[in-house]
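Thank you for sending this structure for comment. Please read the points that follow with the coordinates open beside you.

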Amino acid sequence: MGSLVLDLQREVLKSNCDTLNALRKAHLIATKLKLKEFDSWVQNELNGYKCTYDDIPEYRDVRGIVKLHNPLRGWISAPFEDEKEENRLSHRKVFQSISEIIAFSNGEKTPLIYFPGSVSQDLSQRAGAPIVFEAALFITQASLNSIVEKVKNCLLEWTIRLEAEGILGEDMHFSQEETNMAKEIPQQINNYYGTVVNGDVSQSQVVSGNHNSIVLNYGQASDLMKKVKDSIEQEQLSEEDYESAMELISEAENKIAAQKNPRIIQVALSGLRDFLVAGGANVTAALIVHYLQTLG
């Protein structure tokens, strides 16, 4: 019947990956291996975060534009006391389930995050409004897509670490030895996303494995990102899409600098490519498409 871990790995690497199905498979694997902490993260992604605001992962922080709804004029810009307040209110963490995030990211309307009444009241008073206007954060669909991509990256790196330790789950079953070894692998999600390690990206390294082998030259990958950054300056992207693209580029650069597993870098580049295509930055996207075609 094959390997549970490698089956999940293949699912995450698909260009049309079913993120919900991938998370359900991860839930099954984590349950069988008795990895309660990692499974807690998986279930939070599936069902939504019901924890405190600070405990929501940082990759779920999105940035947008704060506006007030004037019943007569529609949405208007919100006035801020200072730049610090603007920066604080322009960032919010998304607690909804991954299925809701996917639905919002594929919807026709601009996604909104409404603020509590106290924030609406403060901003309305500052705007001199006769009544309390509703306040909301306008975010981009790209920022929500970025959350989905980062969840897939977390799952991929987790499966790579399991595979490296020989924890495969053949025929829907994990041995006692595999279960014991799995406990030695970090369960905290921060160990699978966001860690930046400085490295010499000019040094070439060939990495391959027995499954889904990819040969990657880190120096060439670094050169690609320089070309991408130069090219994107010539694209006609909105301010929001440009900022989101730069975040995805930075994420890919960090993984290349840390000389992450080639499969992780491939997923990061594929996510950046898909975002650029959706935003109409076809020239820059073509640079990435060409590079991905050279990977063995």
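The points below concern charged pairs and one helix.

1. The model is a predicted one, and a search of the whole structure returns eleven salt bridges. Only some of these pairs are taken up here, together with the packing of helix 6.

2. In the pair formed by R126 and E85, the closest N and O atoms are 3.0 Å apart. R126 belongs to helix 6 (residues 117-126) and E85 to helix 4 (residues 83-89), so that this salt bridge links distant parts of the chain, the two residues being 41 residues apart. Their surroundings deserve a separate remark: R126 is partly exposed, with a relative accessible area of 34%, whereas E85 is buried, at 11%, given that the cut-off for buried is under 20%.

3. Which residue forms a salt bridge with R161? The partner is E157, with a distance of 3.3 Å from N to O. Because the two residues stand four apart in helix 7 (residues 141-164), about one helical turn separates R161 from E157. R161 is partly exposed, its relative accessible area being 27%, while E157 is buried, with a value of 5%.

4. E157 also forms a salt bridge with K260, and here the closest N and O atoms are 3.2 Å apart. Since K260 lies in the loop between helix 10 (239-257) and helix 11 (262-278), and E157 in helix 7, this pair ties together parts that are 103 residues apart in sequence. Both K260 and E157 are buried. Elsewhere, salt bridges that share partners join D7, E11, K14 and K25 into one network.

5. Returning to helix 6, which of its residues are buried? They are V119, S120, L123 and S124. Viewed down the axis of helix 6, these buried residues fall within an arc of 130°, and therefore they line one face of the helix. The cover over the buried residues of helix 6 includes strand 2 (65-70), helix 4 and strand 6 (134-138). Helix 4 thus appears twice in this note, as part of that cover and as the helix that holds E85, the partner of R126.

6. A last point concerns the backbone just after helix 6, where G128 takes a positive phi of about 75°. When inspecting this region, the reader may wish to view G128 together with R126, which lies in helix 6 and pairs with E85 of helix 4.

Terms used. Residues are numbered from 1 along each chain as its sequence is written. This is a predicted model: local features need pLDDT of at least 70, side-chain atom pairs count only at pLDDT 80 or more; totals for chains, interfaces and linings use all residues. Side-chain values use heavy atoms; hydrogens and water are left out. A salt bridge is a side-chain nitrogen of Lys or Arg within 4 Å of a carboxyl oxygen of Asp or Glu. Buried means under 20% relative accessible area, exposed over 50%, partly exposed in between (1.4 Å probe, protein chains only). The arc is that of the directions from the helix axis to the C-beta atoms. Contact means heavy atoms within 4.5 Å.
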